[in-house]
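User: I've got this model open on my screen and would like to talk it through. Can you take my questions one at a time?

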Amino acid sequence: MGNWIRQELCELNEENLNLLMDFKIPGILVKGFISPEVCSVVSERLRQQDYANYSHLKEIPVHHIGLCHNQWANDEKSVYFAKKAQAQEVIDGIYKDLGINPVQMVIEAIATKAKRHVGIFEEPGFGPYFAGAFRQFRGHGRLHIDHAPSHIHKPWAVTEIARQMTWNIYYSMSNTGGELIIHDTIHTPQNEVMKKPGDYYFPYEVLEREDRITVKPQVGDLIIFNTQNFHEIMGSDDGFRISQTSFIGQKKDGSLGLWS
Ligand SMILES: O=C(O)CCC(=O)C(=O)O
Ligand SMILES: [Fe+2]
């Protein structure tokens, strides 16, 4: 018996966000979250940008603009926070003159539609994290989970969460490939040991059942899912599968915090 009570992405509302955090639905979809006009301007600007490598990941065929906390989690906290302003400047440049702040739009959508207290994640003594990196996939994003309490072994506030989710706004999508596959298998301390040694991904033997959903995100879509569900991204031919994204952590008091 699987965990999911629905086999498709569901609308954003209070009940569905609770079900998602409880691993009972595969994810949430808001179609047309960003208009086609804005998407085409943003994707044109993004295609002209350089993407920094996720140098801490050996094989993940992914590039990003902005700041990725995982990459700096083993350094002094001040190292990550010193990089924030510059990262934010680059992101703001992408949205220059468009009059929108999609990270704020995601926060407002969750607050109003799902009625949750939500904001940018804060580190005591350092202030808000960076949230909203752009990410580009070229090849296969292999089977993995994202869970700061399991990955990070230093005392950051994001390791104290009860649940981890992600949001992605898709700005550009390849003609072939690029599907997001979410599996109805939950990451646990027991299956963590199956992770490829020294790497980020898992073998398919970790999956407990066939149940999965395969979605081909459309330009302008907002998708929210639980990153403690195993998931993977199918390779794209042209490498122009680009989204803006951050994690969403559920804090002990039930409120949500965003960070990248
Ligand atoms: O690009 C996507 O569709 C999802 C990427 C991913 O692995 C995540 O947001 O955790
Ligand atoms: Fe992920």
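What follows is a run of questions and answers on this predicted model.

User: Let's start with the ligand. Which strands each supply at least two residues of the shell around ligand 1?
Analyst: The residues surrounding ligand 1 are G141, D146, T166, N168, L180, T227, H231, I233, S243 and T245. Strand β9 spans 163-172, β13 spans 229-233 and β14 spans 241-250. Each of these gives two or more shell residues, so the strands you're after are β9, β13 and β14.

User: And how many residues of that shell are polar?
Analyst: The shell around ligand 1 has two nonpolar residues and one charged one. Glycine counts as polar in this scheme. The polar residues in the shell number seven.

User: Moving to the inside, which strand gives the most to the largest nonpolar core?
Analyst: That core has 51 residues, and L20, L222, I224, L258 and W259 touch the most other members. As for strands, the top contributor gives five residues, and that's β9.

User: Is M165 buried or exposed?
Analyst: M165 is found in strand β9. Leaving out residues up to four places away in sequence, M165 touches L20, I224, F225, N226, T227 and I248. The cut-off for burial is 20 or more other C-beta atoms within 10 Å. M165 has 25 of them, so it's buried.

User: How far apart are M165 and G249 in space, C-alpha to C-alpha?
Analyst: Along the sequence, these two are 84 residues apart. In space, the C-alpha separation of M165 and G249 is 6.3 Å.

User: What about G27: buried or exposed?
Analyst: G27 lies in the loop between α1 (14-21) and β1 (28-30). Beyond four places in sequence, G27 touches L9, L20, I182, I223, I224 and F225. With 24 other C-beta atoms within 10 Å, G27 comes out as buried.

User: How far apart are the C-alpha atoms of G27 and T227?
Analyst: T227 is one of the residues surrounding ligand 1. G27 and T227 sit 200 residues apart along the chain. Their C-alpha atoms are separated by 9.9 Å.

User: Now the sheet with four strands. Which strands stand at its edges?
Analyst: The sheet is open, runs in the order β8-β13-β10-β11, and pairs antiparallel. An edge strand here has a single partner, so one side of it is left without a neighbour in the sheet. That describes β8 (141-144) and β11 (212-215).

User: Which residue of β13 stands opposite I181?
Analyst: Strand β10 covers residues 180-186 and is joined to β13 by four bridges, with the two running antiparallel. In that pairing, the residue opposite I181 is E232.

User: M234 caught my eye. How does its exposure come out?
Analyst: M234 is in the loop between β13 and β14. Beyond four places in sequence, M234 is in contact with H140, G177, G178, E179 and I181. Buried needs 20 or more C-beta neighbours inside 10 Å, while exposed means 12 or fewer. M234 has 18, so it counts as partly exposed.

User: Which residues of β15 point the other way from L256 and L258?
Analyst: In a regular strand, side chains alternate between the two faces of the sheet. In β15 (residues 256-259), L256 and L258 point one way, and both directions hold buried residues. Pointing the other way are G257 and W259.

User: What is the bridge partner of I248 in β15?
Analyst: β14 and β15 pair in the antiparallel sense over four bridges. The hairpin they form has five residues between the strands, and G254 takes a positive phi near 95 degrees there. Within the pairing, the β15 partner of I248 is L258.

User: Last one: is D97, with its positive phi, buried or exposed?
Analyst: Most residues other than glycine have a negative phi. D97 is not a glycine, yet its phi is about 65 degrees. Its place is in the loop between α5 (84-94) and α6 (102-113). With 5 C-beta neighbours inside 10 Å, D97 counts as exposed.

Notes: Residues numbered from 1 in each chain as written. Chains lettered and ligands numbered in written order. Predicted model: local features only at pLDDT ≥ 70, side-chain atom pairs only at ≥ 80, totals over all residues. Near = placed C-beta within 6 Å. Core = buried A, V, L, I, M, F, W, Y, C linked by C-beta atoms within 7 Å. Pairing = 2+ DSSP bridges. Contact = placed C-beta atoms within 7 Å.
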